[in-house]
Amino acid sequence: PEEERISFHGAKKTVNTTAGFVLGGVVYSLLKGDSIPPTLENDIALDALRRMKSDWEGMSTDELGDALQKYDVDQLKGVLSNAKGIYHELLFVDQFNRNHTHQKAQVFEETNHAGADIQIVDVATGEVIKEAQLKALQDDYGITEHFDRYPDIEVIATSEVASLVDGVESSGMSNQEITEQMGRVLNDLS
């Protein structure tokens with residue numbers, strides 16, 4: 001897989017930049033009834049899908065595939081769009097926690113927590129250091145809207161948008177790659 005070195009909270013790290021393609025592949029496999037190789041990125045994609053709906057929590061891959069079969073292609077676009085944001089959050093949390101020993105990232109229990117998706121916590125004290133909103137977008141409108149509503153909550157965005165807005169950190173993932181992969185999955189299904 002292609003890898004890229006990025007700066008993250010002052011430290012250099014290596015990120016699998018093809019990880020954004022995983023979600024589409026997992027959904028495709030679920031819909032086709034194919035087995036899903038047990039990789040970290042695939043597990044995160046499955047977790048993202050399970051976080052989308054409370055009744056999907058704890059579902060096996062067969063059950064999740066059956067649930068997805070009930071959606072038509074247009075509805076799957078919405079499912080994939082929502083799952084893309086959650087996948088971005090979970091992948092960020094995993095990568096952050098792999099690269100930090102004194103701090104821990106965690107998602108909020110509810111996926112619609114006001115203003116923030118994650119917290120960064122001091123491991124020793126349990127003190128919340130900061131909250132942040134993760135954005136997987138193609139333009140900066142959602143970031144501007146976020147700062148209008150929550151000016152004190154940081155935004156961490158996909159690489160394309162982060163490069164457009166001062167003070168927005170890159171998650172190291174590409175929105176274009178994630179979106180293109182999901183588009184290919186939907187084309188294959190239609």
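## A pair at the sheet's edge

Let us start with one pair of residues: isoleucine 156 stands opposite glutamate 169, which belongs to strand E7. The structure you are looking at is a predicted model. Strand E6, made of residues 154-157, is joined to E7 by 2 bridges, and these two strands run parallel.

Stepping back, E6 and E7 are part of an open sheet of 5 strands, in the order E3-E4-E5-E6-E7 and with mixed pairing. Strand E3 (103-107) and strand E7 (169-170) each have a single partner strand, so at these edges one side of each is left without a neighbour in the sheet.

## The chain as a whole

Here is an overview to help you find your way. The protein chain holds 7 helices and 7 strands. Read from the N terminus, its elements follow the order β-β-α-α-α-α-β-β-β-α-β-α-β-α. The chain has 190 residues, and 45% of them count as buried. Among the contacts with a separation of 6 or more, 43% are between residues 24 or more positions apart.

How confident is the predictor? The average pLDDT of the protein chain is 82, and 83% of the residues score at least 70. Residues 1-20 have a pLDDT below 50, although in the model this stretch has 48 contacts beyond near neighbours in sequence. Where pLDDT is low, the predicted coordinates should not be read in detail.

## Inside the sheet: E3, E4 and E5

Next come the strands on the other side of the sheet order. E3 and E4 run antiparallel and are joined by 5 bridges. One of the pairs here is alanine 105 with its bridge partner in E4, isoleucine 120. E4 and E5 also run antiparallel, with 4 bridges between them. E4 is mostly covered, with 4 of its 5 residues buried.

E4 and E5 form a hairpin with 5 residues between the strands, and glycine 126 in this hairpin takes a positive phi near 80 degrees.

Isoleucine 118 is a good residue to click on. Opposite isoleucine 118 stands alanine 132 in E5. Leaving aside residues up to four places away in sequence, isoleucine 118 touches Phe92, Val93, Gln106, Val107, Phe108, Lys130, Glu131, Ala132, Leu134 and Ile156. That list includes Ile156, the residue that stands opposite glutamate 169.

## The largest nonpolar core

Which residues touch the most other members of the largest nonpolar core? Of its 36 residues, they are Val26, Leu30, Leu49, Trp56, Leu68, Tyr87 and Ile118. At least two residues of this core come from each of H1, helix H2 (40-52), helix H3 (61-69), helix H4 (73-99), strand E4 (118-122) and E5. H4 gives the most, with 11 residues. Apart from this core lies another one, of 7 residues, including Ile143, Val155, Val161 and Ala162.

## Helix H1, mostly covered

Helix H1 spans residues 22-32, and 8 of its 11 residues are buried. They are Val22, Leu23, Gly24, Val26, Val27, Ser29, Leu30 and Leu31. Just after H1, glycine 33 has a positive phi of about 75 degrees.

Is serine 29 buried or exposed? Serine 29 has a relative accessibility of 14%, and therefore counts as buried. This serine sits in helix H1. Not counting residues up to four places away in sequence, serine 29 touches Asp34, Ser35 and Ile36.

## Helix H5, with two sides

Our last stop is helix H5, which covers residues 141-149 and lies across strand E5 (128-135) and E6, running at about 165 degrees to E6. The buried residues in H5 include Gly142, Ile143 and His146. These residues lie on the same side of H5, because they cover an arc of only 100 degrees around the axis. An α-helix has 3.6 residues a turn, so residues three or four places apart point the same way.

What do the buried residues of H5 pack against? Their partners are E5, E6 and helix H6 (159-162). One of these buried residues, Ile143, also belongs to the core of 7 residues. The other side of H5 looks quite unlike this in burial: Tyr141 and Asp148 are exposed there.

Terms used: Residues numbered from 1 in each chain as written. Predicted model: local features only at pLDDT ≥ 70, side-chain atom pairs only at ≥ 80, totals over all residues. Heavy atoms only, no water. Pairing = 2+ DSSP bridges. Contact = heavy atoms within 4.5 Å. Axes fitted to C-alpha atoms, helices over the stretch in contact; angles between N-to-C directions. Buried < 20%, exposed > 50% of the residue type's maximum accessible area, 1.4 Å probe, protein only. Arc of directions from axis to C-beta. pLDDT = per-residue confidence, 0-100. Core = buried A, V, L, I, M, F, W, Y, C linked by side-chain atoms within 4.5 Å.
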